[in-house]
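Trainee: Hey, got a minute to walk me through a structure I haven't seen before?
Mentor: Sure, pull it up and we'll go through it together.

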Amino acid sequence: MTATTIEQAETQANWKPAILVKGETPYSWPFQPKVALKWLKNYLFGPIALIHAGLGLFTWFFLTPSLATMQNLVWDWVALIYLRNVGLLFLVTGSAHFWLYVRKGQGSDFQFNKQGLRENDPRFWFKNQTWENMFFGIVSGCGIWTLYEVLTYWMFANGYVLFPVEWLESPIYIAFLFLLIPHIRAHHFYFTHRLTHWKPLYDAAHYLHHKNTNTGPWSGLSMHPIEHLLYLSGVFLHWVIPSHPIHACFHLLHAGISPTWGHTGFNRIQVNKLRIDTNYFHYLHHRYFECNYGNLDMPWDHLFGTFHDGSQESKKRMGARLREQRKR
Ligand SMILES: [Zn+2]
Ligand SMILES: [Zn+2]
């Protein structure tokens, strides 16, 4: 088959959004107030944002022991936090997987790669992509999420964080930082992810995430433990800037469940009237590896010339950049 015929066959088999990738970003220059406002509306009130914030608040207020209990490291409450985190992962990631791949609730509508997830493939543990993905998400992902979370609460409970803040002292600051966390995480994600593409780290750890050339919801948190240690490390910020333990709770919960959306393998989840736009951007990262390291609304891929919108022009640009890198 010639290259063009392969492209044609791919286009027929798979689905591509009509407008490839267009990020609404507050970083467009010159500054565009309308674009920034649209971004802000989605950032605060989009369905994904509401799911994250709602779960963050519920988890802190109803599913987290009191700081007094967490002053001493005792297995019972630590185990409960681990089980709660596994439960959260099943609730969000498991539900998305169930709807898209088990119940096949929307068939292959908006599915990027209609071949779906790998089964009976010896490259994956248990010869099954989903089982391998679930294993690393539940054991290593929820394990290190819990480790960091427990350690941070214990530090808050014993006065080891630098600037603890109280609700009554600074309610507005606490709310503001809570809302800012997904954005802080997006910056942190770009740099840690970029680091894992450094060859020694890629070969030691990040290769595991990239075994998923096509992804499903469980692929999101399917990482090597070394990568989990880095990926979840953003929570250390709350050890050194004025923070309340609710921030650590939400920070880690967001890191645990938000990768679901970029890895669904679909451009949209449609359940009756509910529509959750996921995106093509990170799918392209899994398909081509050396592009789109960050999130769609971050400036970094534009700035460093690694932005790929799915078009032939972007593909050519990426090819030229990689040839140039190899020469050097
Ligand atoms: Zn990924
Ligand atoms: Zn990567």
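Mentor: Let's talk about confidence, then the core, then a few odd spots.

Trainee: What's the mean pLDDT of the chain?
Mentor: This is a predicted model, and the mean pLDDT is 92, with 95% of the residues at 70 or more. Residues 1-12 are a weak stretch, with pLDDT below 50. Beyond near neighbours in sequence, that stretch has two contacts in the model.

Trainee: OK, and the core? Which residues touch the most other members of the largest nonpolar core?
Mentor: L89, L232 and L252, in a core of 38 residues. Two or more residues each come from α4, α5, α6, α8, α10 and α12. The largest share, eight residues, is from α10.

Trainee: What is L232 in contact with, leaving aside its neighbours within four places?
Mentor: I144, W145, Y148, L252 and A255. There's also a second, separate core of five residues, and M70, Y153, A157 and V161 are among them.

Trainee: Is there a general idea behind cores like these?
Mentor: Yes, in soluble globular proteins nonpolar side chains tend to be buried together.

Trainee: Let's switch to S140. Buried or exposed?
Mentor: S140 counts as buried because 20 other C-beta atoms lie within 10 Å, and 20 is where the buried class begins. You'll find S140 in helix α5, which runs over residues 129-157.

Trainee: And what does S140 touch, not counting residues up to four places away?
Mentor: M223, P225 and H228. Its C-alpha is also 9.0 Å from that of L221, although the two are 81 residues apart along the chain.

Trainee: Now α14. How many of its residues are buried?
Mentor: Just one of its 16, so to speak hardly covered. Helix α14 spans 23 Å from first C-alpha to last, close to the 22 Å expected.

Trainee: You mentioned odd spots. Which residues does the cis peptide bond join?
Mentor: W29 and P30, with omega at about 0°. P30 sits in the loop between α1 and α2. Most residues other than glycine have a negative phi, and most peptide bonds are trans.

Trainee: What about phi, then? Where is F126, and what is its phi near?
Mentor: F126 is in the loop between α4 and α5, and its phi is near 55°, a positive value. F126 is exposed, since 10 other C-beta atoms are within 10 Å.

Trainee: And N272, buried or exposed?
Mentor: Exposed, because N272 has 6 other C-beta atoms within 10 Å. N272 lies in the loop between β1 and β2, and its phi is positive too, near 50°.

Definitions and conventions: Residues numbered from 1 in each chain as written. Chains lettered and ligands numbered in written order. Predicted model: local features only at pLDDT ≥ 70, side-chain atom pairs only at ≥ 80, totals over all residues. Helix = DSSP H or I, 4+ residues; strand = E, 2+ residues; numbered from the N terminus. Buried ≥ 20, exposed ≤ 12 C-beta atoms within 10 Å, placed from the backbone. Contact = placed C-beta atoms within 7 Å. pLDDT = per-residue confidence, 0-100. Expected span 1.5 Å × (residues − 1). Core = buried A, V, L, I, M, F, W, Y, C linked by C-beta atoms within 7 Å.
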